[in-house]
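Trainee: I have a structure open and would like to go through it with you, starting with a few side-chain details. Could you take a look?

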Amino acid sequence: MQRSHSVRRSAPPVPGDLPLELDAFVGRSAELARLAELLESARLVTVTGVGGVGKSRLAVRAAAGADGFDQVCRVDLSAVHDPDLVEYAVVEALGLTDHTAKPPRQVLLDHLADRRLLLVLDGFEHLVEVSAALAGALLRRAGGLRVLAVGRRPLGLGGERVFPLAPLAEAEAAELFADRAAARVDGFTLDEGNRAEVAELCRRLDGIPLAVELAAGRLGVLSPGQVLARLEDRFRLLTGNGRDALPRHQTLRTAIGWSHELCTARERLLWARLSVFAGRFDLEAVEYVCSGGGLHADDVLDVLDALLAQSVLSREETAAGVRYRMLDTVRAYGAEWLEATGDATRLRRRHRDWYMGLATWCELDWFSPRQGEVAARVETELPNLRCALEFSLTEPRDAHLGQYLAGALWFYWVGCGRLSEGRHWLERSVELDGDRDQSRLKALWVLGYVAVLQGDPVSALSALHECREEAERSNSAVAIAYAEHRTGCLALVTDDMARAETLLRSALDRYREIGELNSNVLMGQVELAMALAFQGDLPGAVKLCEDVRRVCEDHGERWALGYALYVLAYEAQAGGDTARARDLLRRGLGIARAFHDLLGAVLAVELLALVTAVDGDPAEAALLQGAASRMWPSVGLPLFGSAHYNAPHERCAALAREQLGEERYARCVREGELLGQEAAIARALGGTGALALGAVPSPRRLVPDVRKPAVSPTAKGGETTG
């Protein structure tokens, strides 16, 4: 069998959110053809097989070649450990943003209602029950959906077609070995001098791709004959005389164990400690979490490089910089060794401490020119932050740290379109009794804030009332200010303008008294400005928002600026300056788009529709209204159910109907409803694009000193970072 070497230079086009191939795809032509047939005839196909046999790689290649779908999307469940987060992971992979209190499953069903989608559900075996339940529910309700599941066992659903993936045939295994060996040793080829040894090596490894690749990774220091000899020793050690009866899962374990045995003591130690990470991780995190006790921080880089060279780790370029990743099977092997050392809990605590520190620093940097970089960093680190949250919320003595972490990430939950997941962690955290009142108080007001934005006033009021009462009992001026602020925000969106103004003015006074200045404080000014504008005091609203704009320019803040621009645009259109209003709204919409802030985006689109109608283009205005109407269900109650927020919408609709007539107006609205979220925002921006938020910085600008955790809340629980 001949393989085209052009595969190494460029991978085939990959649709949707499938990972690109970084090295050659070897063999498997018959398996690909059969899998394509199954995907044509069945709505649920599950690729099963031993770990390391190449299930994920085959599934991605098959999905990349599938025809007839609007979207192809892969969901990696390997880093998801909480069954409650499976649905959130699918929502995240599909790029959906939903600010409402709707369950994530309903969000998925709404998205899939009119789409033809191939969903690759990868690495579900540790979450098989909840994954099966979700796949079954989606398949029953979404006729255009097909699921390609990838795991070590079937989902066990009716109609499921199981595709057991066998190891590579001997010739393909040898071809794979040669390909990977050539990447390690320049000029390596199969020849008469090594062909028999390579064939025997691949046969002993049962043709399992991961095992073959691990063996090829040793050619930097060993010849194929030396690799074969050492593998022989390792087999004998692990299986005695029963090699012929060796199960495939044991074969893979043997291959990994052999690779592990060939590592130095420091390399084995780091391998075990790296198993506490989920998904990707960076060098700075490794240096803090894994150093000490036989491995100095200064030596971590060299040992990490050695593991990378042996294919124990892979290196990836991400939006947040260079990251490392460990295959799940390799991680599981390391985790067993870590448990055996009795050091697992300590390492998980250090892992939690690092990501607590990261969250603290990111919260500080949110109020800075690095806001966009912070958003990208937290997005990249989310699997590890989830692990840190889970560890803290399941360790009885660490509940307060879970509350602190859930509250510290307020800017991500609120500012980056993660309201639903944020509420999940916040509600779990406040149910626990911690020994640090300030951490729980912060989690309470952040929970109230999230519920306000989701359009859930009852839950919002409950959380904020509890926060206020507890804050007064503990004499926490900071928590009192935040609880009062968010209660004023609730009054604003429920049309109680007088109460909103009173509460927001009082909260801003409290912030000044305690020296608080951050994005939350600026949002309090914007919300007060909106309350004044709705009561007819447009000059007062402009004065407040111009002050916000100056502070944002001084500090490089962009997220709160987007909302200030909305209020300034509201005043401009009320005064008849539609050109200025349009410019302000497009700038604000660009900011919202960059942060995935759907609430900020839909508010801007609604007001842009009115500006467009006033400017004499009623058809485009109606289309924008239709686009906004499709976005609102993912935010909450349209325009909060507020008469004040709804007034521009009603005026726009009246103008458009008057000029278009009812029938054409409805037709234009329907046309807008067909636009997806990104297409709608791009249409509203008119090709201007989003504001550039800056390149992602070197990770060292966003992380604490690796020599100490720098994570614990202050004794007084101060919240100067908001």
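Trainee: Where does Arg486 lie relative to the ring of Tyr449?

Mentor: In this predicted model, Arg486 lies over the face of Tyr449, and the distance to the ring centre is 3.5 Å. There is also Arg350, whose charged end sits over the ring of Tyr288 at 4.4 Å from the ring centre.

Trainee: Moving to rings alone, how many aromatic pairs are there?

Mentor: The count comes to 20 aromatic pairs. One of them is formed by Phe281 and Tyr324, with 6.5 Å from centre to centre and 35 degrees between the planes, and this pair is tilted.

Trainee: Which parts of the chain does that pair link?

Mentor: It links distant parts, 43 residues apart: Phe281 is in the loop between helix 12 (265–274) and helix 13 (283–290), whereas Tyr324 belongs to strand 7 (residues 321–326). Phe281 and Tyr324 are both buried.

Trainee: And what about Trp559 and Tyr563, how are their rings arranged?

Mentor: Those two rings are edge-to-face, with centres 6.0 Å apart and 75 degrees between the planes. Both residues lie in helix 27 (residues 559–574), where the four residues that separate them make about one turn of the helix.

Trainee: Why does Tyr563 count as buried?

Mentor: Tyr563 counts as buried because its relative accessible area is 12%, and the cut-off is under 20%. Trp559 is buried as well, with a value of 3%. Ring pairs also join these two residues to Trp366, Trp410, Phe411 and Phe595 in a cluster.

Trainee: Switching to helix 20, how many of its residues are buried?

Mentor: Eleven of the twelve residues in helix 20 are buried, so that the helix is mostly covered. Among the buried ones are charged-type names such as Glu421, Arg423 and Arg428, along with Trp425 and Leu426.

Trainee: What covers them?

Mentor: The cover includes helix 4 (86–93), helix 17 (371–394), helix 18 (399–408), helix 19 (410–415), helix 21 (437–453) and helix 22 (457–474). As for its own length, helix 20 (residues 419–430) reaches 16 Å from its first C-alpha to its last, which is close to the 16 Å expected at 1.5 Å a residue.

Trainee: Which residues have the most contacts inside the largest nonpolar core?

Mentor: Leu274 and Phe277 do, in a core of 192 residues. Helix 29 (residues 598–614) gives the most to this core, with 13 residues. Leaving aside neighbours within four places in sequence, Phe277 is in contact with Ala285, Val286, Val289, Cys290, Arg331, His351, Tyr355 and Asn384. Another core of 48 residues lies apart from the largest one, and its members include Ala42, Val60, Ala64 and Phe188.

Trainee: Last topic, the backbone: what is phi of Arg28?

Mentor: Phi of Arg28 is near 65 degrees, a positive value in a residue other than glycine. Most residues other than glycine have a negative phi. Arg28 is found in the loop between helix 1 (6–9) and helix 2 (29–41), and at 4% relative accessibility it counts as buried.

Trainee: Is Asp495 buried or partly exposed?

Mentor: Asp495 counts as partly exposed, because its relative accessibility is 25%. Its phi is also positive, near 70 degrees, and its place is in the loop between helix 23 (477–493) and helix 24 (497–514).

How values were computed:
Residues numbered from 1 in each chain as written. Predicted model: local features only at pLDDT ≥ 70, side-chain atom pairs only at ≥ 80, totals over all residues. Heavy atoms only, no water. Phe/Tyr/Trp six-rings, centres within 6.5 Å; stacked < 30°, edge-to-face > 60°. Helix = DSSP H or I, 4+ residues; strand = E, 2+ residues; numbered from the N terminus. Buried < 20%, exposed > 50% of the residue type's maximum accessible area, 1.4 Å probe, protein only. Lys NZ or Arg CZ within 6 Å of the ring centre and 35° of its normal. Expected span 1.5 Å × (residues − 1). Contact = heavy atoms within 4.5 Å. Core = buried A, V, L, I, M, F, W, Y, C linked by side-chain atoms within 4.5 Å.
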